Amino acid sequence: MKKTILSGIQATGNLTLGNYLGAIHNWIKMQDEYDCYYMIADLHSLTVRNDPEILCKRAMQVLAIYVAAGLDPEKNTIFLQSQVDAHVKLNWILNCYTYMGELNRMTQFKDKSAKHADNINSGLFTYPVLMAADILVYNADLVPVGEDQRQHLEITRDIAERFNSIYGETFVIPEAFISEQGARIMGLQEPTAKMSKSTTNLNDVIFLNDDPEEIRKKLKKAVTDSENCVRYDKENKPGVSNLMTIYGLIQEKTMEQIEQEFAGKGYGDFKMAVAEAIIEKLESLQKRYNELLENPEELKAIYEKGAKKASQRADKIVNEVYRKVGLIL
Ligand code: TRP
């Protein structure tokens, strides 16, 4: 039997090259080997204020990116989190097996409540419990996520183990699946912080819908250092190392190969090579993305089929949980 994978991206903000190389790019490689569930975490997006029209537009954009990037809706189950009721059912149950003290330790909660001091809602606080439900409701074995989600995976495992120890073997204990290279694509201006779709410095981020001119411009402005030598050294040369990571992932080259390729060349040449690699990679993705957004029926067929398939599996697990805790079905 194939192992099960689940992951998701929030429907907040424009997706970036970081989302693509750090997540979707890896997912594509898994679609044959694993039974994959990829969702758009639209319920999680409600933990911050959103314009309703923009939220549903964003959800469709994330879906279109998944498909345009090469996730095959026949091979993978692609769906909207809000359309599979089992997630919220399990969420409530798991809330009752999660301690306030555990949630209080979550660094993302601390960061987000600092950022949204006027709206520290309880959804933001219990965000990791919904995420645990997302994962456990499929009994996922592996969860490909970025480094920043590691703590959420740990609490998911703790909740699952706690439940299992009370009610007997119910949940598979999931593992984080963090690919070394793509796990963290950093900002172009601030290469010590993750490339983030919610930044205010637009030169820091490549969006997946940036046009070639924008990409060239942003790469030209990317922060490097004064050594003028393409050499991987994350500590001392975070900017150049980040560009090398991006280039390596797209071209499937190792850091040594890149160092050789650009030996004796300056940062100007290197930056333009990175820009052209990104532009080429995004060209077909953008074409398919635009086609899909102009064809909402095609997207609808994909998410409807996905929700149905996802529900079939998730309902079974949630029913078992209901029974175990003593609810009448
Ligand atoms: N919290 C994740 C993020 O911001 C998104 C997410 C929600 C997720 N539910 C998930 C990721 C379940 C993996 C599994 O990146």
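**Exercise 1. Work out whether Val205 is buried or exposed, and describe its surroundings.**

Val205 has a relative accessibility of 0%, so it counts as buried (buried means under 20% relative accessible area, exposed over 50%, partly exposed in between, with a 1.4 Å probe and protein chains only). Before going on, a word on the model: it is predicted, so local features need pLDDT of at least 70 and side-chain atom pairs count only at pLDDT 80 or more, while totals for chains, interfaces and linings use all residues. Residues are numbered from 1 along each chain as its sequence is written, and side-chain values use heavy atoms, with hydrogens and water left out.

Next, place the residue: Val205 sits in the loop between strand S5 (175-177) and helix H9 (212-221). Helices (H or I, at least four residues) and strands (E, at least two) are DSSP runs, numbered from the N terminus.

Now list the contacts, meaning heavy atoms within 4.5 Å. Neighbours within four places in sequence aside, Val205 touches Thr16, Met195, Ser196, Thr199, Asp210 and Lys218. As for Met244, 39 residues away along the chain, its C-alpha atom is 16 Å from that of Val205.

**Exercise 2. Do the same for Ile246: find its element, its burial and its contacts.**

Start with the element: Ile246 belongs to helix H10. Its relative accessibility is 1%, so Ile246 counts as buried. Then the partners: beyond four places in sequence, Ile246 is in contact with Leu17, Leu21, Ile185, Leu188, Val274 and Ile278. Finally, a distance: Arg184 is 62 residues from Ile246 in sequence, and their C-alpha atoms are 10.0 Å apart.

**Exercise 3. Trace how strand S1 is packed and paired.**

First, burial: six of the seven residues of S1 (residues 4-10) are buried, so the strand is largely enclosed by the rest of the structure. Second, pairing: S1 runs parallel to strand S2 (residues 35-41), with seven bridges between them (two strands pair if DSSP finds at least two bridges between them). One of these pairs Gln10 with Ala41 in S2. Third, the connection: from S1 the chain goes through helix H1 (residues 17-30) to S2, a right-handed β-α-β crossover. Right-handed here means that, with the strands pointing away from the viewer, the path from the first strand over the helix to the second runs clockwise.

**Exercise 4. Compare the settings of Asn139 and Glu252, two non-glycine residues with positive phi.**

Most residues other than glycine have a negative phi. Asn139 has a phi of about 50°, and Glu252 one of about 55°. Asn139 lies in the loop between helix H7 (122-136) and strand S4 (142-144); Glu252 lies in the loop between helix H10 (238-251) and helix H11 (255-261). Now the burial: Asn139 has a relative accessible area of 15%, so it is buried. Glu252 has 65%, so it is exposed.

**Exercise 5. Step back and describe the domains and the chain as a whole.**

The domain assignment (bounds from an automatic or database assignment) gives domain 1 (4-177 + 296-325) and domain 2 (202-290). Their centres, taken over C-alpha atoms, are 30 Å apart. Across the boundary, 14 residues of domain 1 contact 13 residues of domain 2.

For the whole chain, count 13 helices and five strands. Buried residues make up 50% of the 329 residues. The C-alpha trace spans about 70 × 45 × 45 Å along its principal axes.
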